[in-house]
Amino acid sequence: MNPDARWDVVGSGAAAVDDLLFLASALTAGKGRVVRREQRIGGNIATALIIAARAGARTAFTGYLPGAASGSHLLAALREEGIDLSTARLEADTHPIRSTILVDATGERFIAFDDDTAIGMPEDADLHVVRQARVLLLDAYGAPGGLRAATAARRGGVDVVVDIEQVRGPQTRQLLDVANHLILPLAFARTLTGAATAMEAVNALWREDKTAVVVTSGDNGSWYRSPASPRVEHRPAELVAVVDTTGCGDAFHGAYAAALAGGMDLPACIEAATLAAAECATHAGGIAPRTMSTSTT
């Protein structure tokens, strides 16, 4: 842990504008009436940083963001949450990730997204930024730059947490090797390891240079392991009335990163993350917004 950190959590990766359509019927019905429309901030890293900031962490977004012409609402919302954007690289000729999310009457969702834009950590990013963090949070976007940043962070004693759901080239696998906190969804963990269960996946992903390996499985909870014990532990999910699971994984990562930056041990980080994900699931469209939410019935 970096004792002289300027920020608790620095993140780089996806930041999106989500248009949510809430349906009266199930997605499997083939068609259905839209009962409400909302617009929210989304994306793995933007959402996680918002959760971390709301938990009291000093946060910063680094890497690519759209310039004011196309991203003014996104930038304003992140700033209102207290996220420092002074380290971000604003690109005037790019746009935010745009997503249309269909949420049906049962809470199931389908995400259609356009990510043909500059995202993630530039390959020539200022590494001084990541060295001033307690925790660096990355997703799979901009993996070459992310790998370079993660390597510098680990050499500087900065914890690296990754939120990765698919391999985007060879640098993605290298990033998984460099990160010392792996928090992966079960489906991806099984793809990587061939394991049949979450517990088996944790053990297959474990290495002695890791600080934590965590495999999440929605309402089944999460399984984790640390150097403190070779035993894989299970933390059940909270029992809540689920409205929508949009953003729950991102909330888990953000709360985990904030707790880690605050010096909590692994069980306490898992506890904070589990509660944040559960709270997120009780809101339509993900985390409760402060700005940038419009609704039409």
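**Exercise 1. A cavity and its walls**

Which strand gives the most to the lining of the second largest cavity? Find the strand, then describe the cavity around it.

*Solution.*
Step 1. Note what you are looking at: this is a predicted model.
Step 2. Take stock of the cavities. A search of the whole structure finds two of 30 Å³ or more.
Step 3. Take the second largest cavity. Its volume is about 60 Å³.
Step 4. List the lining. Gly13 and Ala15 belong to it, and so do Tyr64, Leu65 and Pro66. His95, Pro96 and Ile97 line the cavity too, along with Thr117, Ala118 and Ile119.
Step 5. Name the strand. Strand β5 (residues 63–66) gives the most, with three residues.
Step 6. Sort the lining by class. Eight residues are nonpolar, three are polar and none is charged.

**Exercise 2. Two helices in contact**

Describe how helix α8 packs against helix α9.

*Solution.*
Step 1. Choose the quantities. Two packed helices are described by the angle between their axes and the distance between the axes.
Step 2. Read them off. The axes of α8 (residues 248–261) and α9 (residues 266–281) come within 7 Å and cross at roughly 145°.
Step 3. Give the hand. This crossing is right-handed.
Step 4. Find the residues that touch. From α8 come Cys248, Ala251, Phe252, Ala255, Tyr256, Ala259 and Leu260. The α9 side includes Leu266, Cys269, Ile270 and Ala272. Ala273, Thr274, Ala276, Ala277, Cys280 and Ala281 of α9 also take part.
Step 5. Class the contact. It has 16 nonpolar residues, one polar and no charged.

**Exercise 3. A pocket between helices**

Which elements give two or more residues to the lining of the second largest pocket?

*Solution.*
Step 1. Start with the space. About 250 Å³ lies in this pocket.
Step 2. Look to the centre. There are 18 lining residues, and the closest to the centre are Ile51, Arg54, Ala55, Ala255 and Ala276.
Step 3. Name the elements. They are α1 (44–54), α8 and α9.
Step 4. Weigh the shares. The largest, four residues, comes from α8.
Step 5. Class the lining. It has 12 nonpolar, three polar and three charged residues.

**Exercise 4. Helix α1**

How many residues of α1 are buried?

*Solution.*
Step 1. Apply the cut-off: buried means under 20% relative accessible area.
Step 2. Count. In α1, 10 of the 11 residues are buried, so by this cut-off the helix is mostly covered.
Step 3. Name some of them. Among the buried residues are Asn44, Thr47, Leu49 and Ile51.
Step 4. Look just past the helix. Gly56 follows α1, and its phi is positive, near 100°.

Methods:
Residues numbered from 1 in each chain as written. Predicted model: local features only at pLDDT ≥ 70, side-chain atom pairs only at ≥ 80, totals over all residues. Heavy atoms only, no water. Axes fitted to C-alpha atoms, helices over the stretch in contact; angles between N-to-C directions. Left-handed = near helix turned anticlockwise from the far one by under 90°. Contact = heavy atoms within 4.5 Å. Nonpolar A, V, L, I, M, F, W, Y, C, P; charged D, E, K, R; others polar. 1 Å grid on protein atoms, 1.4 Å probe; cavity = no way out; pocket = protein on both sides within 12 Å on 5 of 7 lines; lining within 4 Å. Points joined across faces, edges and corners; volume = space filled by probe spheres on them. Buried < 20%, exposed > 50% of the residue type's maximum accessible area, 1.4 Å probe, protein only.
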